[in-house]
Structures are given as C-alpha cells and as structure tokens.
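Thank you for making the time this morning. I would like to walk you slowly through one structure, and I will bring it up now so that you can follow along.

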Amino acid sequence: MLDPLIRGRLEQTGAQLSERVPLSGLTTLRLGGPAAVLAECPSTDVLVAVVRLLDEARVPTLILGGGSNLVISDDGFDGVVVGVADAGVELGAGTVLAQAGAVWDDVVAKTVAAGLGGLECLSGIPGSTGATPVQNVGAYGVEVGSLLRRVQLLDRATGEVRWLDPSELGLGYRTSVLKHRSDAVVLAVEMAVRPDGASAPLAYRELAVALGAREGERRPTAEVRDAVLSLRRSKGMVLDGDDYDTWSAGSFFTNPVIPDAGLAPVLDAIRAKVGADTRIPQFPGNPGTKLSAGWLIERAGFGRGYPGIESPVRLSTKHTLALTNRGRASTRDLVSLARNVRDGVEAAFGVRLEPEPVTVGCSI
C-alpha cells in the first residue's frame with residue numbers, strides 16, 4: 001500500500017496513478033502479475049521528478065518502457081511501476097533526438113519518411129527508444145551502438161541528469177553497462193543519420209539477397225525498410241495481436257560467442273551430433289566466434305512449435321529463437337520452457353545459451 005503522503009506528492013508531479021494494474025497488458029509476452037501502483041509519466045520532466053521522489057522515499061521502483069524485452073513473474077511487482085510515455089522526436093540534417101518513451105519503430109519510420117538513412121535495418125523492432133542503448137539493439141548487420149552520438153541519463157544515486165558519450169556505455173553484443181542495472185534511467189537518445197536518403201552499406205547476406213543487391217551496396221532507405229519488415233514478418237518478429245508467434249520477447253537467447261581456445265571441442269561436439277559434413281554457421285565474435293543460437297536450438301532437437309500444439313508456451317512456429325505465449329500461458333510456463341531449451345542445448349553441444357530479456361521476480 002503506497003503511503004498517502006507519497007501518493008499525493010506523486011500526483012503533484014503530473015503522473016497518472018493506477019492501482020493493481022496487470023503487467024501482462026504492458027509486455028509483448030503478455031505475461032506478468034499486477035503492479036501495486038502504475039505511475040504513467042507524460043513527459044521526461046515528470047519522469048525525472050517521479051523517480052527522484054520514489055528513490056528518496058525508498059519505494060521499490062520498476063521503470064517500464066515498451067515491455068518488449070521483459071519477463072515479469074506471475075506475482076507481479078510489489079512497488080511502483082513507472083511508465084515512460086514521452087514520445088518526442090526531433091529530426092535534424094544528420095541527427096535524430098528521441099525521448100526514451102518514443103516507440104522505436106515510429107522513430108525509424110520518421111527518419112525514413114524524412115529521407116534520413118542509417119536506422120532502416122532496425123525497422124520493426126518492438127519496444128521503446130530508451131531500451132535500445134541498454135540492449136545495444138541490433139539487426140541485419142546494424143547495431144544502435146554504431147549510430148549513437150550521446151545518451152541522456154538520470155543517475156539515481158545522485159539525482160543528476162547528464163549526457164554520456166557512447167564510449168562510456170561499455171557497448172557490446174546485445175549489452176551495455178546499463179543492462180541488468182537499475183541505478184540509471186535512460187531519458188533520451190541522440191543518433192547520427194545520413195542526410196542523403198540512402199541506407200547504410202548492406203552488411204547482412206539475407207537482407208542483400210532479399211533486395212537483389214550485393215553486400216556493401218547502398219539502397220534507398222524506404223526500400224530497405226520494406227524488405228526488413230517483410231523478413232521480420234516472415235519470422236513472426238513484427239507485433240500482431242492476432243498472431244501468437246508475435247506474443248514473445250523477440251529473440252530469447254543471444255547468439256553464443258565462443259572463445260578461440262574453446263571453439264574446437266564445441267565444433268567437434270556439434271559435428272558428432274549433426275554429421276561431419278554439415279556446415280556450421282559461424283561469424284566473427286570480436287573476440288571469438290559467434291554461433292547461431294537458433295541453429296543450435298533446432299539441431300539439439302527443439303524444432304519450431306516445440307513442445308506441441310497443446311502447450312501454453314511454444315517455440316515460434318516460424319523460427320526457433322522466440323519463446324511464445326499461445327494465449328493462456330503463465331510466466332512459470334515460459335521459464336520452464338526456457339530452462340528446458342537452454343539445458344538441452346548445453347547437454348548436446350556444451351554451449352550454454354544466455355537469455356536476452358530482463359527478468360523481474362523470476363530467473364531463467
């Protein structure tokens with residue numbers, strides 16, 4: 001129960017408060033129990049005031065953006081969930097400045113419509129802009145980290161708002177120093193874009209083939225965005241309320257990066273199971289070698305739609321890297337399937353897959 005004095009102070013900031021709000025309605029997995037209180041913040045100023053107030057009062061707080069990379073327990077969150085709602089976007093000749101609450105794909109669409117290139121390969125990714133540097137979101141050969149100019153943060157320890165250079169974020173493959181931490185809140189993101197209306201050089205073979213182009217070639221941004229959205233839809237990776245394959249957190253496991261010293265025994269274990277002549281997808285891991293998590297999952301015996309039509313949670317019927325809610329699942333069901341897949345891949349190949357989503361009140 002929220003202290004009436006704190007409630008009154010929160011309302012004075014301009015936040016809109018609701019009680020016992022089901023968090024399942026605020027995540028793309030459509031899972032999660034209730035929030036004791038939901039505080040929706042219509043502007044960045046309100047967001048900063050609310051978080052400062054809650055931290056001062058030592059109230060348990062969960063910052064919620066688009067809910068696309070979040071697994072929340074069936075018990076929900078016994079505290080205040082702070083909804084980030086400021087969706088402001090400012091376009092310049094070579095930059096885009098987006099507030100944390102802006103829907104990411106809306107930001108991409110606005111840059112493409114304005115003839116600005118660079119973000120088009122990141123089309124269709126669900127969630128809010130504030131999450132993109134935290135996860136160093138990437139797709140089709142482009143990562144947000146390669147486009148960042150600066151990120152505005154609220155330091156919850158000091159209450160200070162400041163801009164950080166990308167070099168301060170420890171950006172890596174699907175990670176940053178901000179991931180799995182709660183002591184900083186992303187408020188805004190500024191990225192560099194191309195003013196010439198052409199895409200970044202195509203760096204992903206599947207996308208180049210779909211466009212009938214060569215790797216390294218540049219194409220009009222709108223053409224590339226359409227191709228990316230088509231590819232993502234074919235994999236159930238564009239949100240659709242009528243398609244249970246999109247009731248997911250996207251790619252659930254990151255592609256494992258194997259250190260050079262450990263690569264040979266891993267490849268031997270894979271070949272022993274799938275055949276010596278099978279081509280094993282391998283990519284530079286910087287350092288090490290990156291393997292395909294989806295490929296390993298399938299070769300370990302977990303096919304599309306696993307474990308079957310009667311299960312409340314299944315691997316997507318379109319690709320094996322997404323765990324999906326079939327409309328009647330619980331978080332407990334999802335965690336069980338995730339552990340089953342992770343442990344099965346490790347038993348088969350000696351590779352332990354790491355989950356990509358952030359967990360609240362549960363662990364994989």
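Let me begin with a question: does K235 count as buried, partly exposed or exposed? Before answering, I should say that what you see is a predicted model, and everything that follows should be heard with that in mind. The answer is that K235 counts as partly exposed, since its relative accessibility is 23%, and a residue has to fall under 20% to be called buried.

K235 is a convenient place to start, as it takes part in a salt bridge with E206, in which the closest N and O atoms are 2.9 Å apart. That pair joins distant parts of the chain, with E206 sitting in helix α5, residues 205-211, and K235 in the loop that runs between α6 and β13, the two residues being 29 apart. E206 is likewise described as partly exposed, with a relative accessible area of 32%.

Staying with salt bridges for a while, a search of the whole structure turns up 22 of them, and I will pick out a few. One of them is formed by the side chains of E190 and R149, with 4.0 Å from N to O. Here E190 belongs to strand β12, residues 184-192, while R149 belongs to strand β10, residues 148-155, so this pair ties together parts that lie 41 residues apart in sequence. The two partners sit in unlike surroundings, if you look at their accessibility: E190 is buried, with a relative accessible area of 11%, whereas R149, at 44%, counts as partly exposed.

Another salt bridge links D183 and R181, whose closest N and O atoms are 2.9 Å apart. In this case D183 is partly exposed at 35% relative accessibility, and R181 is partly exposed with a relative accessible area of 44%. There is also a network of salt bridges, in which R214, E217, R219 and E223 are linked.

Let me turn now to what the UniProt record says. In an unreviewed entry, UniProt places a domain, "FAD-binding PCMH-type", at residues 30-234. In the model, that span is 24% helix and 27% strand, and its end C-alpha atoms lie 21 Å apart.

The unreviewed UniProt entry also carries the annotation "active site", and which residues does that annotation cover? They are R174, S251 and E356. Although these are spread over 183 residues of sequence, they cluster in space, the largest C-alpha distance being 10.9 Å.

Taking two of these in turn, S251 is located in the loop between α6 and β13, and at 24% relative accessibility it counts as partly exposed. If we set aside residues up to four places away in sequence, S251 touches M237, L321 and E356. E356, for its part, is found in the loop between α9, residues 331-349, and β18, residues 358-360, and it is buried, with a relative accessible area of 13%. Leaving out neighbours within four places in sequence, the residues in contact with E356 include R174 and S251, and among the others are N69, Q135, K179 and F252.

Helix α9 brings us to another residue, T331, which has its place in that helix. T331 is buried, with a relative accessible area of 1%, and, again without its neighbours within four places in sequence, T331 is in contact with L31, G32, V71, I72, S73, D74 and C362.

For a look at how helices pack, please move to α1, residues 4-13, and α2, residues 44-56, whose axes come within 9 Å and cross at roughly 165 degrees. An angle over 145 degrees counts as roughly antiparallel, and α1 and α2 are therefore roughly antiparallel to each other. Their crossing is right-handed. On the α1 side the residues involved are I6, R9, L10 and T13, and these meet V46, A49, V50, L53, L54 and E56 in α2.

I will finish with S292, which is found in the loop between β15, residues 289-291, and α8, residues 293-299. Not counting residues up to four places away in sequence, S292 touches N255 and P281. By contrast, S292 and L169 are 26 Å apart in space, C-alpha to C-alpha, and 123 residues apart in sequence. That is where I will stop, and I am glad to go back to any part of the model.

Note on methods
Residues numbered from 1 in each chain as written. Predicted model: local features only at pLDDT ≥ 70, side-chain atom pairs only at ≥ 80, totals over all residues. Heavy atoms only, no water. UniProt positions renumbered as here; feature names shortened; annotations may be inferred. Helix = DSSP H or I, 4+ residues; strand = E, 2+ residues; numbered from the N terminus. Buried < 20%, exposed > 50% of the residue type's maximum accessible area, 1.4 Å probe, protein only. Axes fitted to C-alpha atoms, helices over the stretch in contact; angles between N-to-C directions. Parallel < 35°, antiparallel > 145°, perpendicular 65-115°, else oblique. Left-handed = near helix turned anticlockwise from the far one by under 90°. Contact = heavy atoms within 4.5 Å.
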